[in-house]
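Here are some worked exercises on reading a fold from its coordinates. Grab your viewer and try each task before you look at the solution.

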Amino acid sequence: MNKIIVYSEINAEKVTDASLELISKAYELKLQSNTEFQKDILVEAVVIAVELDELSKQRIYKAGADRIIFIKDTSAFCFMPTIYSKIFVDYFNQNPSDVILFPASEKTRTLAPRITTLLDTGLVADCTNLELVLKNNDIKLASTRPTFGGELMATILSKKIPQCATVRPGTFKIKDVNLGMKEYFEFTPSIYEENRIKLLRSLLDNKVSTSTLQNAKIVLAGGYGIVSANKIEYFDKLQKLAKILNATVACTRKVVDYGIMPSSSQVGQTGQTITPELYIAFGISGAIQHIMGMKNSKIIIAVNEDENADIFNYADYKIVADAKKVIDDMLGSVL
Ligand SMILES: Cc1cc2nc3c(=O)[nH]c(=O)nc-3n(C[C@H](O)[C@H](O)[C@H](O)COP(=O)(O)OP(=O)(O)OC[C@H]3O[C@@H](n4cnc5c(N)ncnc54)[C@H](O)[C@@H]3O)c2cc1C
């Protein structure tokens, strides 16, 4: 293994946090390789975009990249997976690596499979951990992801090269690495095909608050245990409380399935992965699919009337009580 490529995504003209998280993880793998296998690995951030501003560049280096490859998108003024995949593969074929990591954003979820298909290799999607292992004297990427509906964790070693994985935002922390020498190269693709898709207009979906949830320091999460006869009542109260505490409201999938909260508020395996300073779970049972999205929160407080609820196994503070009453009491004390 000589280098790890991190496909680094630009959104709203800035490099995304999910990309930086992955660059930091790649840097961690580089350190692991140095100490465990005495092998130096390069961390290369590949950016395809219209522009790459200086601040984004500095953030990429700071997160742990040794090198940035910037491929200017001259074909379209928005993300085109058909074109981006070919451009990336063009670069990759001339500059191969053993590993490619992708942040699992909505865009890269459509891009990564196209790239791996073109490269005739596999893709381990939605990984929750990555590490390096030695197998038959080769350094391999071991990608861990949930399987069987989240009941089991599977660690997968790819037989094919490059070994590719996607990782959901919020899974790893952005590091502040002070590297010495930094490299920056621009790559001009040799293949530019006619763009068969025209962007007519782009609309911002204001109701989706995924980034708000991902950046929230305090999250108040409601589960089926606070669903009352008129359904929404205690979620309205949570919203009120969240406003006062400068927090964000999240929920379980069951709450989404009942049409009480939007799916953008769902935390877990099929929702958001978050790492707030404080996570308070009100009436949440602690199913593994939910836990996977919030277990790395700094402090977890769980309120559940069942003293044997699974959520308590992950909580720093346990409150065995009626969660609705606790919400009323909290509101009463701050209003
Ligand atoms: C493939 C797959 C993917 C999934 N992905 C996700 C996901 O991303 N996120 C997710 O959340 N779930 C996910 N699920 C669903 C998950 O398995 C659980 O069904 C769900 O998380 C349960 O939600 P809940 O805790 O709100 O409800 P319940 O499991 O019904 O738990 C309600 C809890 O509230 C407690 N309670 C009841 N009344 C009160 C009260 N008055 N005060 C205090 N406590 C009370 C009960 O004791 C219970 O523990 C997924 C499932 C599958 C199969």
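Before we start, helices (H or I, at least four residues) and strands (E, at least two) are DSSP runs, numbered from the N terminus. Keep in mind too that this is a predicted model.

**Exercise 1. Loops and odd backbone angles**

Task: Work out where Asn137 lies, and decide whether Asn137 is buried or exposed.

Solution:
- Step one, place it: Asn137 sits in the loop between strand 8 (129-135) and strand 9 (138-147).
- Step two, count neighbours: Asn137 has 6 C-beta neighbours inside 10 Å, so it counts as exposed. The cut-off for exposed is 12 or fewer.
- Step three, check the backbone: phi of Asn137 is positive, about 70°, although this residue is not a glycine.

Now repeat the routine for Asp126. It too is a non-glycine with a positive phi, of about 55°, but its place is in strand 7 (residues 124-127). Asp126 has 18 C-beta neighbours inside 10 Å, so it counts as partly exposed.

One more backbone check: which kind of peptide bond joins Ile161 and Pro162? Omega is about 0°, and the bond is cis. Pro162 is found in the loop between strand 10 (152-157) and strand 11 (163-167).

**Exercise 2. Does helix 1 have the length you'd expect?**

Task: Compare the span of helix 1 with the value expected at 1.5 Å a residue.

Solution:
- Step one, the expectation: the rule is 1.5 Å times one less than the number of residues, so the 21 residues of helix 1 should span 30 Å.
- Step two, the model: the end C-alpha atoms of helix 1 are 29 Å apart, which agrees.
- Step three, look just past the end: Gln38 follows helix 1 and has a positive phi, near 50°.

**Exercise 3. How do helix 1 and helix 2 pack?**

Task: Describe how the axes of helix 1 and helix 2 cross, then list the residues that make the contact.

Solution:
- Step one, geometry: the two axes come within 8 Å and cross at roughly 30°.
- Step two, classify: angles under 35 degrees count as roughly parallel, and therefore helix 1 and helix 2 are roughly parallel to each other.
- Step three, the residues: helix 1 contributes Leu20, Ile23 and Ser24, while helix 2 (residues 54-63) contributes Arg59, Ile60 and Ala63.
- Step four, the chemistry: this contact has four nonpolar, one polar and one charged residues.

**Exercise 4. Into the core**

Task: Find out which residues touch the most other members of the largest nonpolar core, and which helix supplies the largest share of this core.

Solution:
- Step one: the core has 53 residues, and those touching the most other members are Ile4, Val6, Ile23, Ala26, Val47, Ile60 and Leu101.
- Step two: helix 1 (residues 17-37) gives the largest share, seven residues.
- Step three, zoom in on Ile23: beyond four places in sequence, its contacts are Val6, Ser8, Val43, Ala45, Ile60, Ala63, Gly64 and Ala65.
- Step four: apart from this core lies another, of 36 residues, including Ile226, Leu238, Ala247 and Ala250.

**Exercise 5. A loop residue**

Task: Is Met261 buried or exposed, and what is Met261 in contact with?

Solution:
- Step one: Met261 lies in the loop between helix 7 (253-257) and strand 15 (278-282).
- Step two: Met261 has 22 other C-beta atoms within 10 Å, so it is buried.
- Step three: leaving aside neighbours within four places in sequence, Met261 is in contact with Phe235, Cys251, Val255 and Val256.

Technical notes:
Residues are numbered from 1 along each chain as its sequence is written. This is a predicted model: local features need pLDDT of at least 70, side-chain atom pairs count only at pLDDT 80 or more; totals for chains, interfaces and linings use all residues. A nonpolar core is a set of buried Ala, Val, Leu, Ile, Met, Phe, Trp, Tyr and Cys residues joined through C-beta atoms within 7 Å. A residue is buried if 20 or more other C-beta atoms lie within 10 Å of its own, exposed if 12 or fewer, and partly exposed in between; C-beta atoms are placed from the backbone. Two residues are in contact if their C-beta atoms, placed from the backbone, lie within 7 Å. Axes are lines fitted to C-alpha atoms, for helices over the stretch in contact, and angles run from 0 to 180 degrees between N-to-C directions. Angles under 35 degrees count as roughly parallel, over 145 as roughly antiparallel, 65 to 115 as roughly perpendicular and the rest as oblique. Ala, Val, Leu, Ile, Met, Phe, Trp, Tyr, Cys and Pro count as nonpolar, Asp, Glu, Lys and Arg as charged, and the others, Gly among them, as polar.
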